[in-house]
Structure formats: C-alpha cells, structure tokens
Amino acid sequence: MSDKEPIFVTRPVLPPLEEFIPYLQEIWDARILTNGGPYHQRLEAALCDFLGVAHISLFGNGTQALLTALQAADIDGEVITTPYSFIATTHSLLWNQLKPVFVDIDPQTLNLDPARIEAAITPATKAIMPVHCYGHPCDVHAIRTIADKHGLKVIYDAAHAFGVQDAQGSILKYGDLSVLSFHATKVFNTFEGGAIVSHDKETKQRIDQLKNFGFERDGSTVALLGTNGKLSEIHAAFGLLQLKDIGSALQQRQVIDQRYRQKLAAIPGVTCIEGLNESTANYAYFPILIDEAYPLSRDALFQHLQDKGIYTRRYFYPLISNSPVYCELPSADAANLPVATRVANQVICLPIYPGLSEEQVDTVIAAISEAGRA
Ligand SMILES: *Cc1c(COP(=O)(O)O)cnc(C)c1O
C-alpha cells in the first residue's frame, strides 16, 4: 500500500457548511419541508435558466424520474436501449412492464449506435431509450430521424449529461423527455435527486401530477396511478447553493481532463474516449480503454492502481445485459453486442472531480505509465 492519501474515482463536491446554514434557517423559519415549497420552485426555475430548457420537474432521485418519464410516455411493448449503462436505465423499463431490447454501441462514442437501431425495430417497438454515456452526446439527429420514421418516442437517460451543450444549446432539448440524476456522484448533486426535462406545459403538469400520487391540481381528484417522487426542501436548497459554484466545478474538471489527455496519449495500449459531436462537455468521467498493446490486462491494471491507493472503477462492467435480471433476453446475447462486450472488458474510469490536485492526477498517470513499461 502507498503511504499517500488514497485517491478515489470521485468525491462529492460540498460547499462550506456555513454557507448552507442560512438556507436551513429559512426552512426552519418557514416550516415548509416538502411538497413543492419555495426552494423547490426556485431550484426548478434556476435549473431551467442554467440549462436553457423550458420545463423541469424535480424528483427524489434519478431512478424515480426515469420510472415516471416512461409512465408519462404512456407506452407498452418494446423499448430499444443500450447495454452499456447503469442498471437503473433498464430497471426503469421492467418496472413499467416494458421489454428492453439491447442494441450495440458505437465504438467511438460508446453510445447507442444509430446504424444498428432499425434492425432491432419490430411491430412491438414503441420507444428508444438512449444514454448520453459519460456526458458525451448521442447522435441525436440520427436517432430522431429513425424515431420519426417509425413513430417511436425517444426518452433520453441524461443522468451523465448535466450542462452538456451542442451548437444549438442544451442537449436536453432533444427527445420527448430527458432524465437527469443529481446523485452524490454526479456532476451536479443534491445528495439524492433527479429531474425530468420536458418541452411543453401540459407534459410538465402531467409529470408533476404523476410524481405527487396522481393528484390533480384541485388537490383531491386522483385519475392517474402516481407515485411519491418529490424532492424535499433541504435537497432543493442544497441544489441552489451547489448551482452557484457549478461553473468553477466544471472548469476544474476540464483542466484535469486535459492533463490526462495530454499525458496518456503517449502510452501505447491506452485510448482516451471523446464525444464525436461538437459539444461543450461536462467532463463527468474520464474513461480509458486498455488494449493488447498495454502489457497488463485491464483487471491487472485496476488491481495495480488499487495497490497504489488509486481507486478507479470499471464503469460499465459488467454489462447490464450480463446481469441475471436481463441475461435471458434474446438481445442480451454477447454475439449481438460485440462492441459493448469488448469495451466493458477494456474500460477503466480514472479519478476526476473538483479538488483533485495536479499532483494527484500526475500520480495516477505515473502509475499507469510505469506499469505500462513493466
Ligand atoms: C446515476 C444514474 C442513474 C440513476 O440515478 P439515481 O439518481 O442514482 O437514481 C440512471 N442512469 C444512469 C446512466 C446513471 O449514471
């Protein structure tokens, strides 16, 4: 073991505690703890403003938001999705009695490969649920074209994509709905939290109804099978405080991203991943792929780094399609998913978070390059 401080793959960003006290004081004074209170309303408005989207509905976590987004889409049958994601993506389909159909990913962006979507469409297909993996935008235009041609809805799992933009603005504007996560490990966090981005007032109202047990605005009629998806005032207040520093947090991530890219480029067998579309990134993750030109296997490197006190993650390994919940699906066959299968065996996500020092980044790089020379 190293005698240095361990380096973790991520560390939640926390503003100074004393800055949060006045927010808490306001909650204590007003005695409004939840149910869409003043902080909840302010955070929804502030996020619409910051992200440049029309409507946001806050949720207690990203998974509840995914569940409700699919419920709001009001579909049954099959949904095309990626095996290269966090398990919540597909769980949200099963909870809605929808059948996941896995389609392989693009080897460059690691996002759902639009060229392979049409072959997976059947008369039962009702929607596509792509993931902006690592915050790299999907090929949103190709996906829209396919969806329009076949009359499918598009619901983006945008859990990684907070603040990501293309030349037209927020990538959250694409698709019928986009879902964010504000979990502690994400770029912007409210401890736990999430949101659905929608494009018109009627949809936003329906989502807000679904997340509040199905109550209509009269507060008594219940015509929909809703859930409790609400975000508390404490979480919303923390989000408002967190949002103040988001610019600096994203900038610090960018500096780390550039340092890794510059120095890792020289190491044979190590490939850095980039989003293909021209976009403003959020540097949410720093995935690298380890291939045969590197002297150690991915797992040996993972262990080597851990022995040096560097805790990386094999994210996303194993594939969703390999988990016992999904492996029996016909589309889960590894032969159907060659790119995702290869990438899941090659990927390591390196530490990246605001506050990770230059020296720590260099320690990670040195550990990879030394093991690479062994
Ligand atoms: C984090 C994450 C989720 C789930 O969000 P929670 O807020 O943890 O429920 C869903 N999909 C992806 C891709 C994620 O990374």
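Ala 127 of strand E5 stands opposite Lys 153 in strand E6. Helices (H or I, at least four residues) and strands (E, at least two) are DSSP runs, numbered from the N terminus. The model is predicted: local features need pLDDT of at least 70, side-chain atom pairs count only at pLDDT 80 or more, and totals for chains, interfaces and linings use all residues. Residues are numbered from 1 along each chain as its sequence is written, and side-chain values use heavy atoms, with hydrogens and water left out.

Stay with E5 and E6. They run parallel and are joined by two bridges. From E5 the chain crosses through helix H5 to E6, and this β-α-β crossover is right-handed. That term means that, with the strands pointing away from the viewer, the path from the first strand over the helix to the second runs clockwise. H5 covers residues 140–150 and lies across E5 and E6 (153–157). Its direction is at about 150 degrees to E6. Such axes are lines fitted to C-alpha atoms, for helices over the stretch in contact, and angles run from 0 to 180 degrees between N-to-C directions. Contact means heavy atoms within 4.5 Å.

Ala 127 has another partner: Val 79 stands opposite it. Strand E3 (residues 77–81) pairs with E5 (residues 125–129) in the parallel sense, over four bridges. Two strands pair if DSSP finds at least two bridges between them. Thr 81 faces Met 129 of E5 as well. Four of the five residues of E5 are buried, so this strand is largely enclosed by the rest of the structure. Buried means under 20% relative accessible area, exposed over 50%, and partly exposed in between (1.4 Å probe, protein chains only).

Now step back to the sheet. It is open, has seven strands and shows mixed pairing, in the order E2-E10-E9-E6-E5-E3-E4. Its edge strands are E2 (55–59) and E4 (98–102), each pairing on one side only. Neighbouring strands are turned by 25 degrees against each other on average, direction ignored. Helix H2 (residues 38–51) lies across E2 and E9 (177–181), at about 130 degrees to E2.

Helix H4 spans residues 88–95, and its buried residues are Ala 88, Thr 89, Thr 90, Ser 92 and Leu 93. Their cover includes helix H3 (62–73), E3, E4, E5 and E6. Gln 97 follows H4, with a positive phi near 55 degrees.

Further along the chain, strand E13 (residues 286–290) runs antiparallel to E15, joined by four bridges. Phe 286 stands opposite Leu 350. In E15 (residues 347–350), Val 347 and Cys 349 point one way, Ile 348 and Leu 350 the other, and all are buried.
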